[in-house]
Amino acid sequence: MKPTSNKMMTGAEIFFESLKKEKVEYVFGYPGGAVLKIYERLYDIKDLKHILVRHEQGATHMAEGYAKASGKVGVVLVTSGPGATNTVTGIADAYMDSVPIVVFTGQVPSTLIGNDAFQEADIVGITRPITKHNFLVRDVKELASTIKKAFYIASTGRPGPVLVDLPKDVIASVCEFEYPEKVELRGYNPNFVGHQNSIKKAAEVISVSKKPLLYVGGGVIMSDAYRELRLFAKENNIPVTMTLQGLGAFPMTDSQSLGMLGMHGTYWANMAVNNCDVLVSLGARFDDRVTGKIDEFATRSYKIHVDIDPTCIDKNVVVDLPIVGDVKHVLAELAAEMNSAPDTKDWWEQINKWREECPLEYNNSDGKLRTEYVLSTLNNKTEGKAVIVTDVGQHQMWVSQYYKFTEPRSHITSGGLGTMGFSLPASIGASFAIKDRPVVSISGDGGFQMNIQELITAAYYKLPIKFLLINNSFLGMVRQWQELFHNEKYSFTDLSDSNPDFVKVAEAMGIKAYSTDSPKDVEGLLDEALAYDKGPILIEFKVVKEDMVFPIIPAGKTIKEIITKRLDPKEMM
Ligand SMILES: Cc1ncc(C[n+]2csc(CCOP(=O)(O)OP(=O)(O)O)c2C)c(N)n1
């Protein structure tokens, strides 16, 4: 189909011309009645790659994985009704983790909206609380400007998901195509430059502190502020702890890294938070998995909070000095304002004592296969440089402890929503973005089954993803809570009788697959997986069933209640 006239185009043509203007490379999608006109046009388009998924939830996680790995906006295209509602979990996930995606949903014709028409769902209403913004396009004349706004809103300020609902008649209508150069939105002006006086004050406070700590979140990675962070931390010899989303913002191999803080964070990172005198939060949001009991969180510290989103300030923890701005700019300014580095010698001595007091450990001598061993071996073989996409559960927390991320945009996980079924499709999105490093998807046997259909997508597009399946035959993290906090009532968490033969499942979908329960096989299998580039490969590691992730600070508790190992039954008596 050729453009209708010089500049006159159908809505479907305008849609693709607008995506071209936004330099979109990939669209993760699934067709249906309400978007047939778009797919009709797509049939003849060569310079945009449409990735056919197997379920629309998969499409949204792929867009997230692509966005997180590349720093670009991920794009989804689905039909109305069930196609649209299937995207809801992925949209909520992107909202919680501030991931820039734009989701285009088909809608029934404008004249039928509100009539309970076939495959009608009020997706704008449904997603209002879980999108940064959403639009229903009522007139084809608004289509191009709406798409421009959608990409702008998704990718600026604190990033997030934007949904654009496209009624069937709008897509079929015709108008002149003109793509706006600029976006002007009243009331939406993300503040990039922090207040100069506040930055000066922060520099003064940090210079004279004795026990400063940098608490780094995903915002540092999103604003590409890792160089500024490294410079600032090194020049001032300040320890750095990271949130789950912040891992990779500062090299975990550097002696100044304390690793992750919070519920499953390191003992020394949590002790440092509890004892620091100045806490500098950079692109992090003080979420409950980090703070534990809020009234007792870092009570000894003067708190500085740098964030681009003003609604984050004082939301969970009241701070002493807020700085609203892009963390990249603020960190550069802060570095320039520092007259002298703080004296942190004693502070480091104390932190290093905590490191020795309670190191991360696991049993590596009884001949049994353990997740920590698999992850440490993977870390050694890839030197902390692979792109690791995890699911949700115990394996996810072990990754945060045993994989030493050295690069930003290398750790992709569902943190805020904690969505099982995230890793498999998100690794597909990441694999389209990343070609020069291995992409490794790590899932538990529970979460792996939640979007298992997307193995077909990975196989069809011959993506060289390494799927590592950590099979403990349990919904491991829930089992752990049942053991620790619910009287050992293992209610519906044992999957040993119902799990499928994962190797056969993978093979049926065209994927090379292996399984082992022996530590002796780990090196060889990882070598084979890392060398294999003809398509995806799956390795199932049958690990010890009842292992638990330590340390753990129970939900809503403090460092005083930290549990560092499984209690010996004799100790409990
Ligand atoms: C969609 C969804 N449903 C339920 C949960 C609750 N949940 C959190 S962790 C977990 C267990 C995960 O088990 P598995 O995938 O086997 O990973 P493991 O903890 O064993 O590493 C469950 C059920 C969730 N996070 N997401």
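Here is a walk through the structure, from its domains to its ligand and then to two backbone details. Keep in mind that this is a predicted model.

Start with the overall layout. The chain splits into three parts: domain 1 covers 8-176, domain 2 covers 196-357 and domain 3 covers 371-550. Take domain 1 and domain 3 and look at how they meet. Their C-alpha centres are 30 Å apart, and the contact draws on 25 residues from domain 1 and 24 residues from domain 3. Interface size is often quoted as the accessible area that is lost when the parts come together. By that yardstick, domain 1 and domain 3 bury about 2000 Å² between them, with 65% of it on carbon and sulfur atoms. If you want to find the residues on the domain 1 side that give up the most area to domain 3, go to Arg54, Lys68 and Ala69; together they make up 26% of what that side buries.

Now move to the ligand. A shell of 17 residues surrounds it, and Gln394, His395, Gly418, Gly447 and Met477 are the closest. Sorted by character, the shell has seven nonpolar residues, nine polar ones and one charged one. Three helices each supply at least two of the shell residues: H17 (394-402), H19 (445-448) and H21 (476-485).

Backbone atoms make some of the polar contacts here. A polar backbone atom of Gly418 sits 2.8 Å from a nitrogen atom of the ligand. On the oxygen side, a backbone N or O atom of Gly476 is 2.9 Å from a ligand oxygen, and a polar backbone atom of Met477 is also 2.9 Å from an oxygen atom of the ligand. On its own the ligand would expose 580 Å², and the protein buries 76% of that.

Finally, two spots in the backbone deserve a look. Most residues other than glycine have a negative phi, and most peptide bonds are trans. Asp116 goes the other way on phi, with a positive value near 55°; you'll find Asp116 in the loop between strand S5 (101-107) and helix H6 (123-127). The other spot is the peptide bond from Phe550 to Pro551, which is cis, with omega near -5°. Pro551 belongs to the loop that runs between strand S20 (537-542) and helix H24 (569-572).

Technical notes:
Residues are numbered from 1 along each chain as its sequence is written. This is a predicted model: local features need pLDDT of at least 70, side-chain atom pairs count only at pLDDT 80 or more; totals for chains, interfaces and linings use all residues. Side-chain values use heavy atoms; hydrogens and water are left out. A residue is near a molecule or strand if one of its heavy atoms lies within 4 Å of it. A polar contact is a pair of N or O atoms within 3.5 Å; within protein, one must be able to donate a hydrogen and the other to accept it, and residues adjacent in sequence count only if both atoms are side-chain atoms. Accessible areas come from the Shrake-Rupley method with a 1.4 Å probe; for residues, only the protein chains shown count as cover. Helices (H or I, at least four residues) and strands (E, at least two) are DSSP runs, numbered from the N terminus. Ala, Val, Leu, Ile, Met, Phe, Trp, Tyr, Cys and Pro count as nonpolar, Asp, Glu, Lys and Arg as charged, and the others, Gly among them, as polar. Domain bounds come from an automatic or database domain assignment. Contact means heavy atoms within 4.5 Å. Buried area is the accessible area (1.4 Å probe) that two parts lose on being put together, summed over both.
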